[in-house]
Amino acid sequence: MRNRDAAYWLFLTPVLAALILVVIIPLIYGFYYSFTNWNGLGTPDFIGLKHYLDLFTDKGFLDTFWFTIKFSVAAIVVINIIGLSLALIVTSKIKSSNILRTVFFMPNLIGGLILGFIWQFIFIKVFGAIGDLTGIEAFNGWLSTTDTGFWGLIILTSWQMAGYIMIIYIAYLQAVPEDLIEAAKIDGANSFQRFRHITFPLVAPAFTVSLFLTLSHSFKIYDQNLSLTNGAPYNSTEMVAMNIVKSAFTENDMAYAQAKAVIFFVIVAVVSLTQVYINKKREVEL
Amino acid sequence: MRDKWKLWLIGFIGFILAILWLTPFYLMIVNAFKMKRDIFADTLGLPETWTFENFIQAFEQLDFLRTLFNSLLISGVSVVIIIIFSAMAAYALSRNKSKISSLLFFVFVAAMLIPFQSVMIPLVAQFGKLGMLNKAGLIFMYLGFGCSLSIFLYHGTLKGIPISLDEAAKIDGANRFQVFWYIIFPLLKPMSITVGILNVIWIWNDYLLPSLVIGGAGSETIPLKLFFFFGQYTKQWHLALAGLTLSIIPVIIAYFFAQRQIIKGIADGAVK
């Protein structure tokens with residue numbers, strides 16, 4: 001197919017049109033709007049870096065940001081530990097492995113919004129009932145404080161995402177050659193040694209993939225945040241994605257929200273590019 | 001002997017975890033069948049009297065058949081056009097090895113880095129000006145957001161399909177479109193299933209984009225309608241839970257029939 005072939009461009013037109021109109025033009029306009037006082041209508045006036053400078057002293061936004069970082073770090077650790085454990089259970093030679101895999105993966109297919117509502121019921125009503133039943137104070141008042149909101153979000157996303165991360169670990173674990181493990185067994189390596197010296201090094205690439213996937217997922221989380229806590233109490237459990245949506249469509253502060261969105265984009269892009277770089281580097285080393 | 005005991009232990013732990021994983025669904029379903037006062041009296045146990053009343057009311061309030069139809073229509077049309085147009089584009093890009101092709105491929109892949117929130121405000125403003133904040137506009141946006149990963153996945157598969165196939169068909173008198181539609185596209189079927197699954201999961205569950213694009217009564221998708229419904233019945237858990245249960249049923253049915261393909265699709269999409 002040559003460039004000047006009409007067919008070449010005809011094949012590309014639908015997706016190119018969609019990408020340009022839906023992603024590229026809004027991205028460029030977004031950069032532009034973030035330097036103006038645009039309010040969604042009319043012609044914007046250029047105001048330079050004002051929004052970006054304001055952001056650095058905007059306590060609400062900085063708190064949101066800090067909460068998102070704390071959340072992402074905790075989520076990465078918890079989700080990967082659970083995901084790897086589930087993968088190790090499912091790939092061991094137990095009879096129930098297929099049904100277990102199906103069960104662990106199930107929450108992933110259901111939207112974050114619905115899952116958040118289900119867990120809202122569990123944290124408020126069910127935890128309350130358990131608290132009343134056992135007299136353990138820790139079960140009462142979930143989602144009414146920042147801490148319980150934080151851990152509520154962690155529990156919700158771990159329950160949802162661990163099955164997804166499990167699938168990734170399974171793909172790599174199944175690629176570990178059986179005879180290598182057998183040989184180590186014959187040489188007298190115990191199961192911890194086999195994991196440490198054979199499985200672990202071979203599964204190492206899965207860690208990079210999973211760490212970055214959980215990082216970008218948890219950093220960009222919105223639906224779960226909206227349905228589980230909606231930022232309560234007092235916006236203290238609000239994350240960046242939600243903060244942007246709120247300041248754009250609730251407070252109607254379009255240009256300011258867009259400046260936040262640009263910062264958000266830069267961070268997400270840097271994280272993703274770091275992953276690409278690490279992957280490429282490893283490919284070269286291999 | 002020791003190995004057998006160990007397997008038994010792992011199986012047991014797995015079983016406990018599976019129970020734990022399913023507990024939220026159990027709690028949602030049993031409480032959806034309870035009368036309002038029973039939820040307060042006994043949240044954990046089975047209902048004293050099973051009632052379908054909650055489901056009937058939730059079904060009506062959610063306008064469930066229409067909402068389900070909207071979700072099916074939007075997800076279905078979006079996924080079909082993503083599959084066809086992305087496969088076409090990936091085919092053109094993989095068969096034409098020019099600088100323009102590499103540049104375009106790079107642009108498509110780079111677009112995957114852009115989070116939705118960073119383009120959403122101008123996107124909604126501009127589509128609003130064009131009068132395109134409706135179902136058709138939404139489907140077009142899904143093509144824009146969904147095509148990058150899809151093109152990337154198809155491109156990888158197309159590299160493995162020998163160009164001699166194209167040439168043979170051409171000699172037999174087929175034009176470009178015929179070569180693509182009758183020779184290449186059928187060969188891409190396994191990848192089309194993966195691309196379809198990956199896209200249908202996020203589009204079906206998407207809340208934010210439809211909430212910004214389709215406001216009109218009667219055209220809501222399931223997540224959208226459920227959000228309003230839940231807001232209305234926050235203190236009436238028996239109804240809220242029945243609504244949640246109803247809205248999960250289509251997904252569970254799909255998972256039941258296609259779980260092997262779904263899990264394989266997810267693994268293929270994530271590892272690449």
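Chain A contains 11 helices and 0 strands, where helices (H or I, at least four residues) and strands (E, at least two) are DSSP runs numbered from the N terminus. Read along the sequence, the pattern of chain A is α-α-α-α-α-α-α-α-α-α-α. This is a predicted model, in which local features need pLDDT of at least 70, side-chain atom pairs count only at pLDDT 80 or more, and totals for chains, interfaces and linings use all residues. Residues are numbered from 1 along each chain as its sequence is written, and chains are lettered from A and ligands numbered from 1 in the order in which they are written.

Let me turn to the overall dimensions. The C-alpha trace of chain A spans about 75 × 70 × 35 Å along its principal axes. Of its 286 residues, 42% count as buried; a residue is buried if 20 or more other C-beta atoms lie within 10 Å of its own, exposed if 12 or fewer, and partly exposed in between, with C-beta atoms placed from the backbone. Among the contacts in chain A with a separation of 6 or more, 71% join residues 24 or more positions apart. Two residues are in contact if their C-beta atoms, placed from the backbone, lie within 7 Å.

Next, a helix pair inside chain A. The axes of helix H3 (residues 59-91) and H6 of chain A come within 6 Å and cross at roughly 45°. Axes here are lines fitted to C-alpha atoms, for helices over the stretch in contact, and angles run from 0 to 180 degrees between N-to-C directions. H3(A) and H6(A) are therefore oblique to each other: angles under 35 degrees count as roughly parallel, over 145 as roughly antiparallel, 65 to 115 as roughly perpendicular, and the rest as oblique. The crossing of H3(A) past H6(A) is right-handed, meaning that the near helix is turned clockwise from the far one by less than a right angle, whereas anticlockwise would be left-handed. By class, this contact has 20 nonpolar, 6 polar and no charged residues. Ala, Val, Leu, Ile, Met, Phe, Trp, Tyr, Cys and Pro count as nonpolar, Asp, Glu, Lys and Arg as charged, and the others, Gly among them, as polar.

Within H3 of chain A lies A:Ile79. Is A:Ile79 buried or exposed? A:Ile79 is buried, because 28 other C-beta atoms lie within 10 Å. Its contacts, not counting residues up to four places away in sequence, include A:Met161, A:Ile165 and A:Thr214. A:Ile79 and A:Ile155 are 76 residues apart in sequence, yet 9.3 Å apart in space, C-alpha to C-alpha.

I come now to the core. The largest nonpolar core, a set of buried Ala, Val, Leu, Ile, Met, Phe, Trp, Tyr and Cys residues joined through C-beta atoms within 7 Å, has 158 residues; A:Met166, A:Tyr169 and B:Ala89 have the most contacts inside it. Helix H6 (residues 146-173) of chain A gives the most to this core, with 13 residues.

Finally, the interface. In total, 69 residues of chain B are in contact with 68 residues of chain A. H13(B) gives the most to the side of chain B that touches chain A, with 14 residues. That side has 54 nonpolar, 13 polar and 2 charged residues. Across the interface, the axes of H5 (residues 112-134) of chain A and H12 (residues 222-232) of chain B come within 10 Å and cross at roughly 25°. H5(A) and H12(B) are therefore roughly parallel to each other.
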